[in-house]
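Please open the structure in your viewer and keep the selection panel at hand, since each stop of this tour begins with something to select.

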Amino acid sequence: AGMQAHAERICAIASKAASALSGGASFAGIDVSMCPSLAEDESIATGFESLGLGSGVFGGTGTLTISALTTRVLKSLGSDTVTLVGYSGLMLPVCEDAGLAKRASEGRCTVSELLLYSTVCGIGLDCVPIAGDTPV
């Protein structure tokens, strides 16, 4: 089953569970955002790299395109049976993702490049390390 089918099943189960609770609980929807990971093999960067980026690493050729496609897929999961809440998209928090942090420390993705990727994700930057002597 695809992502849409999984999202529909999750919403159906959660809605049924909320209805079964006393006290008037309700299910508002799901946030389908990708989660950063401190495990490098579960990293957003590692996931992107497994898709065959032109340069082979996050921050290289193809990163912008995969960022845009990922965002489009996540946003498209909303439907009559799947209510999206929260951000429901792609965020690239460098300090919260082992692979992103590694690529940033290698100089493969700068703050400028992360800002570029964020233009197709619909959100600004979050959790990006900036040197203390960086001019404002």
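Select Met91 and show its surroundings: leaving out residues up to four places away in sequence, Met91 touches Ile44, Ile123 and Asp126, where contact means heavy atoms within 4.5 Å. Met91 sits in the loop between helix H3 (63-76) and H4; helices here are DSSP runs of H or I with at least four residues, numbered from the N terminus. At 26% relative accessibility, Met91 counts as partly exposed, on a scale where buried means under 20% relative accessible area, exposed over 50%, and partly exposed in between, with a 1.4 Å probe and protein chains only. If you also pick Phe27, 64 residues apart from Met91 along the chain, the C-alpha atoms of the two are separated by 24 Å.

Before going further, note that this is a predicted model, in which local features need pLDDT of at least 70 and side-chain atom pairs count only at pLDDT 80 or more, while totals for chains, interfaces and linings use all residues. Residues are numbered from 1 along each chain as its sequence is written, and side-chain values use heavy atoms, with hydrogens and water left out.

Next, select Thr71, which is found in helix H3 and, at 8% relative accessibility, counts as buried. Not counting residues up to four places away in sequence, Thr71 touches Leu90, Val120 and Cys121. A polar atom of the Thr71 side chain lies 3.5 Å from the backbone oxygen of Val120.

From Thr71, move to its contact Cys121, which is buried with a relative accessible area of 3%. Which cysteine sulfur is nearest to that of Cys121? It is that of Cys109, 12 Å away, and Cys121 is in no disulfide. With a disulfide taken as a pair of cysteine sulfur atoms within 2.5 Å, the count comes to zero disulfides. Cys35, by contrast with the buried Cys121, is exposed, with a relative accessible area of 62%.

Now select the largest nonpolar core, which has 15 residues; among those with the most contacts inside it are Ile44, Phe48, Phe58 and Leu114. A nonpolar core is a set of buried Ala, Val, Leu, Ile, Met, Phe, Trp, Tyr and Cys residues joined through side-chain atoms within 4.5 Å. Helix H2 (44-50) and helix H5 (111-119) each supply at least two residues of this core, and the largest share, three residues, comes from H2. Centre the view on Leu114: leaving aside its neighbours within four places in sequence, Leu114 is in contact with Phe58, Leu92, Val94, Cys109, Leu125 and Val128. Elsewhere, a second, separate core of seven residues includes Ala7, Cys11, Leu74 and Leu77.

Display the rings next, for a search of the whole structure finds two aromatic pairs. Rings of Phe, Tyr and Trp (its six-membered ring) pair if their centres lie within 6.5 Å, and planes under 30 degrees apart count as stacked, over 60 as edge-to-face and the rest as tilted. Phe48 and Phe58 form a tilted pair, 5.4 Å centre to centre with 55° between the planes; Phe48 is in helix H2 and Phe58 in the loop between H2 and H3, ten residues apart. Phe48 counts as buried at 1% relative accessibility, and Phe58 does so at 0%. Why is the pair of Phe58 and Tyr117 edge-to-face? The ring centres are 5.8 Å apart and the planes stand at 75°, so the pair is edge-to-face. Because Phe58 lies in the loop between H2 and H3 and Tyr117 in helix H5, this pair ties together parts that are 59 residues apart in sequence. Ring pairs thus link Phe48, Phe58 and Tyr117 into a cluster.

Finally, select Glu49 and Arg103, whose side chains meet in a salt bridge (2.6 Å, N to O), meaning a side-chain nitrogen of Lys or Arg within 4 Å of a carboxyl oxygen of Asp or Glu. Glu49 lies in helix H2 and Arg103 in helix H4 (residues 98-105), so the pair ties together parts that are 54 residues apart in sequence. Glu49 is buried, with a relative accessible area of 18%, and Arg103 counts as buried at 11%. Add Glu106, which is partly exposed at 38%: the side chains of Glu106 and Arg103 meet in a salt bridge at 2.9 Å, N to O, and those of Glu106 and Arg108 do so at 3.3 Å. Salt bridges that share partners join Glu49, Arg103, Glu106 and Arg108 into one network, and the structure holds four salt bridges.

Definitions and conventions:
Polar contact = N/O pair within 3.5 Å; in protein donor to acceptor, adjacent residues only side chain to side chain.
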